[in-house]
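Student: Please take a close look at the end of a single helix, and then connect it with the rest of the model in one continuous account.

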Amino acid sequence: MPPLTKSGSDEVLRLDIAGREVAMTLRIGQLNRQLVEALQDRALDLLEIAALVYCADAAVSRGGPADQKMGEKWHRRFVATMPVRDLDFWQRESVIQALEETLMFLSGDRFEFSFSTKDEPDAELSRFFKFGRNSSWKPHRVLMFSGGLDSFAGAVEEIVEQKHRVALVSHASSTKIAPVQKRLISALSKRYGPETCRHIPMTAQLKSRSTAERTHRTRSFLFAVLGSITATAFGLDRVSFHENGVVSLNLPPVGNVVGTRATRTTHPKTLKLFTRLLRLVFENDMRVDNPYFARTKAEVVERISQLGMADQIVETRSCADVHNQTHQYFHCGRCSQCIDRRFAML
């Protein structure tokens with residue numbers, strides 16, 4: 001994969017994958033310019049690396065569910081070359097090892113990186129960031145917010161019980177999810193005050209129907225990078241994914257769902273590997289954790305009710321089959337996430 005290059009539009013990243021051009025939109029919203037301008041060059045390098053990895057993951061098929069050789073094709077090998085701003089850092093053996101080991105465990109794929117010096121190191125920040133208004137507002141915590149039961153419970157607990165201001169970083173993989181996230185955050189703001197939470201939305205989307213693989217095992221790597229950059233911009237060193245322990249371990253529901261066939265988004269080892277890499281990049285005590293690892297989904301639901309937000313449970317979404325959601329049916333009722341949600345509610 002040759003390097004990411006700037007296109008005519010400052011919000012599009014382009015790369016070549018085996019001679020095929022793939023384009024991606026990547027934007028983070030609502031951070032003010034002063035916060036972003038204080039970020040290190042290597043933070044922007046990391047953002048581009050995460051974008052490249054996400055593009056490659058989504059643009060190259062593993063074979064498809066109907067392919068009889070999907071098992072053989074599940075494990076892919078990517079050789080990536082790209083320019084960076086901080087070449088000395090990215091050429092360190094410890095850094096390359098941490099990066100490649102993280103992606104191997106998360107995706108089951110082998111990524112091999114080689115780096116060169118970036119010709120235009122001072123690319124405009126507006127390529128990645130849609131700046132919000134200047135403000136002195138600062139959160140106590142940065143949370144990844146999907147709009148599901150677990151992430152909503154985490155936000156409620158931080159605001160109500162811990163009395164914390166929270167930055168809620170979210171990505172809407174579907175246009176059907178973005179309004180859900182906005183409604184939930186609006187409900188929190190109305191009930192507990194507009195200063196208690198701020199929404200940091202992000203867009204990561206391949207363009208021109210470039211998506212050939214929908215398992216997206218490296219998506220959480222991109223999210224962790226975006227969350228850590230947001231935390232760093234605010235002077236914080238912690239990012240949290242809230243996911244109950246059963247989902248985090250993602251025990252295989254059937255015999256052939258082994259290894260990374262079962263997603264490892266918030267697996268304890270994944271979070272440990274994220275933390276190791278991010279500490280090297282930011283040179284601080286950055287950590288990515290999951291405060292809900294010891295909880296069940298039923299306990300998550302109970303916590304929302306105890307803290308007075310049970311009326312918003314109906315607004316949360318847990319279904320894995322997002323693309324087939326309708327105005328009448330928000331959940332398919334068939335996927336493991338829907339079944340898990342139903343048992344928890346009952």
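Tutor: Immediately after helix α10, Glu283 adopts a positive phi of about 55°, where helices (H or I, at least four residues) and strands (E, at least two) are DSSP runs numbered from the N terminus. The model is a predicted one, in which local features require pLDDT of at least 70 and side-chain atom pairs count only at pLDDT 80 or more, while totals for chains, interfaces and linings use all residues. Residues are numbered from 1 along each chain as its sequence is written, and side-chain values use heavy atoms, with hydrogens and water left out.

Glu283 is not a glycine, yet its phi is positive, near 55°. Most residues other than glycine have a negative phi. Glu283 belongs to the loop that joins α10 to β11, and it counts as exposed because its relative accessible area is 53%; here exposed means over 50% relative accessible area, buried under 20%, and partly exposed in between (1.4 Å probe, protein chains only).

The helix that leads into this loop, α10, covers residues 268–282, and its 15 residues reach 21 Å from the first C-alpha to the last, close to the 21 Å expected at 1.5 Å a residue; the expected span is 1.5 Å times one less than the number of residues. Buried positions in α10 are Thr270, Leu271, Leu273, Phe274, Thr275, Leu277, Leu278, Val281 and Phe282. These buried residues pack against four helices and a strand, namely α2 (41–59), α4 (87–90), α5 (93–107), α8 (219–233) and β11 (287–289), where contact means heavy atoms within 4.5 Å. The approach to one of these partners, α4, contains Asp86, which sits in the loop between β4 (77–84) and α4 and touches Arg42 and Asp45, leaving aside residues up to four places away in sequence.

A parallel can be drawn with α6 (residues 149–161), which is also followed by a residue with positive phi, Lys163, at a value near 60°. With 13 residues, α6 reaches 17 Å between its end C-alpha atoms, close to the 18 Å expected. Helix α6 is mostly covered, since 12 of its 13 residues are buried, and among them are Leu149, Phe152, Val156 and Ile159 together with Asp150, Glu157 and Glu158. The surroundings of these buried residues include the strands β7 (141–144), β8 (166–171) and β9 as well as the helices α7 (178–192), α11 and α12.

Within α6, Asp150 counts as buried because its relative accessibility is 3%. A polar atom of the Asp150 side chain lies 2.6 Å from the backbone nitrogen of Asn244, and Asp150 also touches His242, Glu243, Tyr292, Lys297 and Val300, among residues more than four places away in sequence.

Ser240, in strand β10 (residues 238–240), is likewise buried, because its relative accessibility is 0%. Its side chain makes a polar contact with that of Asp289 at 2.5 Å; such a contact is a pair of N or O atoms within 3.5 Å, and within protein one must be able to donate a hydrogen and the other to accept it, with residues adjacent in sequence counting only if both atoms are side-chain atoms. Besides Asp289, the residues touched by Ser240 include Arg141, Val142, Leu143, Met144 and Pro291, again leaving aside residues up to four places away.

Another positive phi occurs at Ala18, with a value of about 50° although Ala18 is not a glycine. Ala18 is placed in the loop between β2 (12–17) and β3 (20–29), and it is exposed, because its relative accessible area is 81%.

A further loop runs between α11 (297–306) and α12 (336–345), and Asp321 is found there. Asp321 counts as partly exposed because its relative accessibility is 22%. Its C-alpha is separated by 6.7 Å from that of Cys332, 11 residues apart along the chain, and Asp321 touches both Cys332 and Arg334 when residues up to four places away are not counted.
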